[in-house]
Amino acid sequence: MRSQLWGLYVREVLRVFRNPFVVLVTLVQPFMWLAFFGSSFSNLAAASGKFGSGTYFAFLLPGTLSTSMLSVGMFGSMSAIQDKRFGFMKRILITPTSKQTIFLSKALGAATRGLIQVPVMVAAAVVFGVSFPLSPLEWAGWVLALFLLAFGFSSFFLAITAPATDWQTPGVVANFITMPLMFASAALFPSSSFPSWMQAISNVNPITFSATLGRSFLLGTSVDWWYLGDLAVFAALGVLIGYLVSARWLRVE
Amino acid sequence: MSTSAIIVNDLSKRYGNSHGVLALDHVTLSIEGGTVFGLMGPNGAGKTTLIKVLTGISDITSGTASVAGFDVQKESMQVRARIGWVAAEVILEDDFTTWENLWLQARLQDLKGWEERAEQLLQYFGLLDRKDDKVSHYSTGMRKKLEIALALLHQPTVIFMDEPTIGLDVATRRMLWDIVTGIHKEFGVTILLTTHYIEEADALCDRIAIIDRGRIVAEGTPSELKARVTSDIVELETSEAVSADLLSKIPGVQEVRAQGNDWIIQVAASEEFLPRLFATVRTDDIRRISVEKPSLETVFLQLTGHRIGQEEPMHDIRKFYAQMRRARS
């Protein structure tokens, strides 16, 4: 299984880099969040005094990166649909490769694709005046948190779209889940000002875990490393469900 | 020693629930190792379904099948390590180079030390000097060659070729015929190919099974099958005035089949039949006439009552739209 997983994973990642347009969109999309949403909101945020000691950009960056990990799930799932439509799924399965290996390679590939946004976003944030007082350990923790988030989301996404062969399905599913998960989290606003029912969602939302952890590194507030554990549980759950679902319901064509 | 590379025993495959289409209807086959075996039949006859079942892509409704000595359902991984597959439509990673495509295939087959074999195959197919070219720059013929090289990389026991020449121009089809014969000799691999081109089956295959509506209706060497048909086929289009009764009374007529005013008549010898026909039926009543000597085409016609290229029109239209959809996506 290791040989097949490595081959398919490399394929997923190489495919992204062979398509300049995809790279561009992947990189520009989170940047636009910072530029437009961040700029429009930063004065209001400063006036309210609820967004920590730094600029709103420093508050927003960990949140934006976290919501970006939500959307990479869609790309993994679209890559799977493409393989089904063009027959490549059949080509893979007429070798000693299991459906679970295909699932893992797609989920890991999508997560990796999510992570390439991190250096670009960090560089963009520097342009907007954010400083990064992180120790190497904190950097590692932050990237790991984002990876676990992306791995978990892409796993759930692939599980949901395993039987799908239609191009539209990933987009529809993404639209359906992105909005509530993004707003019912601490990604864009501090959850302390939410109504209690939304706080309840936010408190178990993995986007909140990752955004809060990243923010504590960036704003220098007290760090709760347990969030990494929560994210690991989320990722493990996603992988387990994706693994079981793909064995049974992953359509070949 | 020759053993069976593929054994299919009383195999049925039904799609969907118990009211679904019965794509394979109690198929039994034994394909000897080292041969080229042809599955010949019209579109929708069950050829592709049989390949899907044998390669482990589809499950089985009832019966058993084994490939290279392993059960296709219980030992699917062992089967898949011993088979190669060449699709009707070429399926490659277009953004990758030739060598990267081979690398990926080697990873999927979990091969070590595959590089030498890969270079030999590229040499054999005349692609070695283009191994670092992106596949998207290749011609159809080169893409087919690379796909066959991928199928041969892990030294498989059996290669499945699903409609290998469909949609190809005449020159490329000829080239592919040479390749099939060539790799069979060079690599000693058993080849199971499906086709609805009769001349293709005749030219390439050691043995042929004729499949129609999910059933194997005949099996044998091309010459055995042709020998089964000793009679000629005469096709007629007539006016309303001609009846089955009238035609069957002509001496030498073995069987008369009618589709409206079109007749398919099986006769002992067309040379003797035609003068008698003209003596019986007024020539004004005959609009068209054609005579066929025994061939695989007439074998198929005689066994199934319809021509291999003849499909239900509805089926045709649905396929057309399906192709349109695929082309657009």
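A residue is called buried here if 20 or more other C-beta atoms lie within 10 Å of its own, exposed if 12 or fewer do, and partly exposed in between, with the C-beta atoms placed from the backbone. By that rule A68(B), with 20 C-beta neighbours inside 10 Å, counts as buried.

The structure is a predicted model, in which local features need pLDDT of at least 70 and side-chain atom pairs count only at pLDDT 80 or more, while totals for chains, interfaces and linings use all residues. Residues are numbered from 1 along each chain as its sequence is written, and chains are lettered from A and ligands numbered from 1 in the order in which they are written.

## The two chains

Helices (DSSP runs of H or I, at least four residues) and strands (runs of E, at least two) are numbered from the N terminus. Chain A has 11 helices and 0 strands, whereas chain B has 12 helices and 14 strands. Two residues are in contact if their C-beta atoms, placed from the backbone, lie within 7 Å. The table sets out some values for each chain.

| Chain | Box along the principal axes (C-alpha atoms) | Buried residues | Contacts, among those with a separation of 6 or more, that join residues 24 or more apart |
|---|---|---|---|
| A | roughly 60 × 40 × 35 Å | 46% of 253 residues | 82% |
| B | roughly 75 × 45 × 40 Å | 39% of 329 residues | 70% |

For chain A the radius of gyration, taken over C-alpha atoms, can be set against a globule rule of 2.2 Å times the number of residues to the power 0.38. With 253 residues, a compact globule would have a radius near 18 Å, and the 18 Å of chain A agrees with this.

Chain B is divided into domain 1 (4-226) and domain 2 (231-293), bounds that come from an automatic or database domain assignment. The centres of these two domains of chain B, taken over C-alpha atoms, are separated by 41 Å.

## The nonpolar core

In soluble globular proteins, nonpolar side chains tend to be buried together. A nonpolar core is taken as a set of buried Ala, Val, Leu, Ile, Met, Phe, Trp, Tyr and Cys residues joined through C-beta atoms within 7 Å. The largest such core has 150 residues, of which L61(A), A150(A), V158(B) and F160(B) touch the most other members. Helix α3 (residues 56-85) of chain A gives the most to this core, with 14 residues. Domain 1 (4-226) and domain 2 (231-293) of chain B both give residues to the core, so it lies between them. Leaving aside residues up to four places away in sequence, A150(A) touches M69(A), V72(A), A110(A), A111(A), G114(A) and L115(A).

## A helix pair in chain A

Helix α10 (residues 206-219) and helix α11 (residues 226-249) of chain A have axes that come within 9 Å and cross at roughly 150°. Such axes are lines fitted to C-alpha atoms, for helices over the stretch in contact, and the angles run from 0 to 180 degrees between N-to-C directions. The residues that make this contact are P206(A), F209(A), S210(A), T212(A) and L213(A) of α10(A), together with Y227(A), L228(A), D230(A), L231(A) and F234(A) of α11(A).

## Where the chains meet

The contact between the chains takes 22 residues from chain A and 18 residues from chain B. On the side of chain A that touches chain B, the elements giving two or more residues are α1 (2-17) and α4 (88-93) of chain A, and the largest share, 6 residues, comes from α1(A).

Helix α3 (residues 98-108) of chain B has 8 of its 11 residues buried, so it is largely enclosed by the rest of the structure. Its buried residues, among them T98(B), N101(B) and R107(B), pack against α1 and α4 of chain A as well as α4 (115-124) and α5 (140-152) of chain B. Just after α3(B), D110(B) takes a positive phi of about 55°.

## Positive phi in loops of chain B

Most residues other than glycine have a negative phi. A68(B), which is not a glycine, nevertheless has a positive phi of about 55°, and A68(B) lies in the loop between β4 (62-67) and β5 (70-71) of chain B. R213(B), also a residue other than glycine, has a positive phi near 50° and is found in the loop between β9 (207-212) and β10 (215-220) of chain B. With 16 C-beta neighbours inside 10 Å, R213(B) counts as partly exposed.
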